[in-house]
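Me: I should like to go through the classifications assigned to this structure and the reasoning behind each of them. Please set every value against its criterion.

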Amino acid sequence: QFIPIIKKLNPDSKILFHAHQLSALNFSDRQAEMLRSKIDGYIGCSRFITQQIKQRFGMENDEVF
């Protein structure tokens, strides 16, 4: 919810999404679309979480670390 504000105040900053658990991925499809357009990188703390991030955001294998 703070990503648009951060980007507005710091337009040159890079935003990373780092998930530690599945509950971090509980948002609507509309929110996922907005997040994907604002986030510069994605990090999962495990292979499982990384795979879930890829599925949630509809990403390719090399887009999430």
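Reply: This is a predicted model. A suitable starting point is Gln21, which lies in the loop between β1 and α2.

Me: Why is Gln21 called partly exposed?

Reply: The relative accessible area of Gln21 is 47%. Buried requires under 20% and exposed over 50%; Gln21 meets neither condition and is therefore partly exposed. As to its surroundings, the C-alpha atom of Gln21 is 8.2 Å from that of Cys45, a residue 24 positions away along the chain.

Me: What makes Leu9 count as exposed?

Reply: Leu9 belongs to helix α1, which covers residues 3-9. The relative accessibility of Leu9 is 64%, and the cut-off for exposed is over 50%, so Leu9 counts as exposed.

Me: Which residues form a nonpolar patch on the surface with Leu9?

Reply: Phe2, Ile5 and Ile6 form the patch together with Leu9, and the accessible area of the four amounts to about 420 Å². Membership requires over 30% relative accessible area; Leu9, at 64%, therefore satisfies that condition.

Me: How do you know which classes of residue line the largest pocket?

Reply: The lining includes Ile3, Leu16, Phe17, Ala24, Phe27, Met34 and Leu35, along with Gln1, His18 and Gln31. Two elements, β1 (16-19) and α2 (29-38), each give two or more residues to this lining. Ala, Leu, Ile, Met and Phe are among the types that count as nonpolar, so the lining has 7 nonpolar residues, beside 3 polar and no charged ones. The volume of the pocket is about 200 Å³.

Conventions
Residues numbered from 1 in each chain as written. Predicted model: local features only at pLDDT ≥ 70, side-chain atom pairs only at ≥ 80, totals over all residues. Heavy atoms only, no water. 1 Å grid on protein atoms, 1.4 Å probe; cavity = no way out; pocket = protein on both sides within 12 Å on 5 of 7 lines; lining within 4 Å. Points joined across faces, edges and corners; volume = space filled by probe spheres on them. Helix = DSSP H or I, 4+ residues; strand = E, 2+ residues; numbered from the N terminus. Patch = residues over 30% accessible without salt bridge, like charges linked within 9 Å, V, L, I, M, F, W, Y side chains within 5 Å. Areas by Shrake-Rupley, 256 points an atom, 1.4 Å probe, with all protein chains shown as cover. Salt bridge = Lys/Arg side-chain N within 4 Å of Asp/Glu carboxyl O. Buried < 20%, exposed > 50% of the residue type's maximum accessible area, 1.4 Å probe, protein only.
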